[in-house]
Amino acid sequence: MNPRTTTNPTAPADPEASEVSAAADASDVSDVSGAEETVTKKAAAEDASHDLDKVTGDAVTENEDEDGAEDEDLDPDGLDDDSAKEPSGLGAAAAAVVAAGLGVVALTGSWTGKVAAERETLIGQIKTSGGGTAAQQISEIYGDAWHSTALVNGLFALLALLVGIFALVRPAFGVPSAQPQPGWVRAVATAGIALGVLGLLISVGMYFDLIVALPTATAAQ
């Protein structure tokens, strides 16, 4: 009996195959590392882009807010509204001139007073045409005309007084003005008040025969 000896020979290692396998392993590791590095760089780039967009959006919002505030501050409509609300003083100036004019009319007489006096004279002549005493003729023809003139002049004087007072006290009412009332307006308004008071006193004296009395029947004969 021949003993069988079983021999398992070890195959010699192929150096080229080993090098190829090592190169493949190194390539796989390099690819994985490169992919991880690419993903990391991409994520970092996205984070940086997101942060940049956020910062840019905040800056744009702040600029818009500042522009809106500046537009509100420089809004011409607001300036126009404030200037429109401020009184111009034209009414007070006109009232002062009217008061002075009415005061002059109260002292010198007017067409209205002349017409009223002529009307009373005509009525007196009609009443005394059928006969009457001298006292009646004086009272109806002359006295009533005199009193009518004094009454009309007194009304003008009273209007001058009221309008002049309005011109002086007008700045105290309504929206206050940044500029004071012009001096000439106050002067003219004061003159109108003075003329009104003087005309009113003269008209009252004439109406009640305090300044010049009506002639009497004895003096008329």
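Good morning. A residue is called buried when its relative accessible area is under 20%, and exposed when that area is over 50%. That definition will be needed for two of the residues in this talk. The structure before you is a predicted model.

Let me begin with the overall architecture. The protein contains seven helices and zero strands. Followed along the sequence, the pattern is therefore simple to state under the DSSP assignment: it reads α-α-α-α-α-α-α. The chain has 221 residues, and 18% of them count as buried. Its accessible surface comes to about 15,800 Å², and carbon and sulfur atoms account for 62% of that surface. As for contacts, consider those in the protein with a separation of 6 or more: 84% of them join residues 24 or more positions apart.

I turn now to a particular position, A99. This residue is found in helix α3, which covers residues 90–108. Is A99 buried or exposed? Its relative accessible area is 0%, so A99 is buried. Which residues does A99 touch, once those up to four places away in sequence are set aside? They are A160, V163, G164 and G192. A further pairing shows how the sequence folds back on itself in space: A99 and I193 are separated by 94 residues in sequence, yet their C-alpha atoms are 7.0 Å apart.

The second position is S148, in helix α5, which runs over residues 134–169. S148 has a relative accessibility of 13% and therefore counts as buried. Leaving out residues up to four places away in sequence, S148 touches A116, A117 and E120.

From these buried positions, let us move to the surface. Here there is a nonpolar patch with about 1,000 Å² of accessible area together. Its members are L107, L151, L155, L198, I202, V204, Y207, F208, L210, I211 and V212. Which helices each supply at least two residues of this patch? They are α5 and α6, the latter spanning residues 183–207. Helix α6 provides the largest share, with four residues. One of the patch members, L155, has its place in helix α5.

Helix α5 thus appears twice in this account. It holds S148, which is buried, and it also holds L155, which belongs to the nonpolar patch on the surface.

To close, I return to the predicted model as a whole. We have a protein of seven helices and zero strands, a residue in α3 that is buried at 0% relative accessible area, and a nonpolar surface patch to which α6 gives the largest share. Thank you.

Key
Residues are numbered from 1 along each chain as its sequence is written. This is a predicted model: local features need pLDDT of at least 70, side-chain atom pairs count only at pLDDT 80 or more; totals for chains, interfaces and linings use all residues. Side-chain values use heavy atoms; hydrogens and water are left out. Buried means under 20% relative accessible area, exposed over 50%, partly exposed in between (1.4 Å probe, protein chains only). Contact means heavy atoms within 4.5 Å. Patches are made of residues with over 30% relative accessible area and no salt bridge: like charges are joined within 9 Å, nonpolar side chains (Val, Leu, Ile, Met, Phe, Trp, Tyr) within 5 Å. Accessible areas come from the Shrake-Rupley method with a 1.4 Å probe; for residues, only the protein chains shown count as cover. A salt bridge is a side-chain nitrogen of Lys or Arg within 4 Å of a carboxyl oxygen of Asp or Glu.
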